[in-house]
Amino acid sequence: MPKRVITYGTFDLFHIGHVRLLQRLASLGDHLTVCVSTDEFNAVKGKKSVIPYEQRAEILSACRYVDAVLPESDWAQKRTDIVEQKIDIFAMGNDWSGKFDDLKDLCEVVYLPRTDDVSTTSLKAYMDALRTEQIGEIKHLIETLNNKAASL
Ligand code: C2G
């Protein structure tokens, strides 16, 4: 019987950590379903993604390791999803280690190693730093031009 795997996440600013996780998840079975957090559920999680849900879902659908994409709209849907989707393995990155062991009565629960040195948070921080630097450069340019104009 083909093994069916499921995972959940925001997958904002899709990066190599996400790709490697999906690759590992796909190698666990024959079919991988990814439940992508909706923008509304992200608010519940205390997150605001840069990329809106529709685009995050489309990006995941385009990933060679992903067979199906569903919305994740609340914490409690996992049990229903596992039963309805006939899931054999529930898997997440190990930053969630132990958090979903209650699902072990329904299916195998696996936590896989995260990819170090990359995260959506660090990408956002880098973009913010770039933006701050660019604003500083623009302000300096304006000041220079004003000084030149004043000396004419
Ligand atoms: N991940 C990873 N390596 C990284 C970053 C993320 O393996 N460098 C994994 C996480 O462990 C998670 C998945 O990629 O399994 C998605 O990460 P997020 O988009 O941050 O998802 P999260 O906010 O953890 O939401 O109900 C579960 C939640 O929806 C999980």
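Author: In this predicted model, a residue is near a molecule if one of its heavy atoms lies within 4 Å of it.

Reader: Which residues come nearest to the ligand, of the 21 around it?

Author: By that cut-off of 4 Å, the ligand has 21 residues around it. Those that come nearest are Phe-11, Lys-47, Glu-72, Asp-95 and Val-118.

Reader: How much of the area of the ligand does the protein bury?

Author: Polar backbone atoms of the protein meet the ligand in several places, for an oxygen atom of the ligand is 2.7 Å from one of Phe-11, and an oxygen atom of the ligand is 2.9 Å from one of Gly-93. A nitrogen atom of the ligand, in turn, has a backbone N or O atom of Val-118 at 2.7 Å. Taken alone the ligand exposes 640 Å², and of that the protein buries 95%.

Reader: Is Gln-77 buried or exposed?

Author: Gln-77 has its place in helix H4, and, leaving aside residues up to four places away in sequence, it touches Tyr-8, Pro-71 and Glu-72. Buried means under 20% relative accessible area. Because the relative accessibility of Gln-77 is 10%, this residue counts as buried.

Reader: Within what arc do the buried residues of H4 fall, seen down its axis?

Author: Helix H4, which spans residues 77-84, has Gln-77, Lys-78, Asp-81 and Ile-82 as buried residues. They line one face of the helix, because seen down the axis of H4 they fall within an arc of 135°.

Reader: Which residues are exposed on the other side of H4?

Author: The buried residues of H4 are covered by elements including strands S1, S2, S3 and S4. On the other side of the helix, the exposed residues are Val-83 and Glu-84.

Methods:
Residues are numbered from 1 along each chain as its sequence is written. This is a predicted model: local features need pLDDT of at least 70, side-chain atom pairs count only at pLDDT 80 or more; totals for chains, interfaces and linings use all residues. Side-chain values use heavy atoms; hydrogens and water are left out. Buried means under 20% relative accessible area, exposed over 50%, partly exposed in between (1.4 Å probe, protein chains only). Helices (H or I, at least four residues) and strands (E, at least two) are DSSP runs, numbered from the N terminus. The arc is that of the directions from the helix axis to the C-beta atoms. Contact means heavy atoms within 4.5 Å. A polar contact is a pair of N or O atoms within 3.5 Å; within protein, one must be able to donate a hydrogen and the other to accept it, and residues adjacent in sequence count only if both atoms are side-chain atoms. Accessible areas come from the Shrake-Rupley method with a 1.4 Å probe; for residues, only the protein chains shown count as cover.
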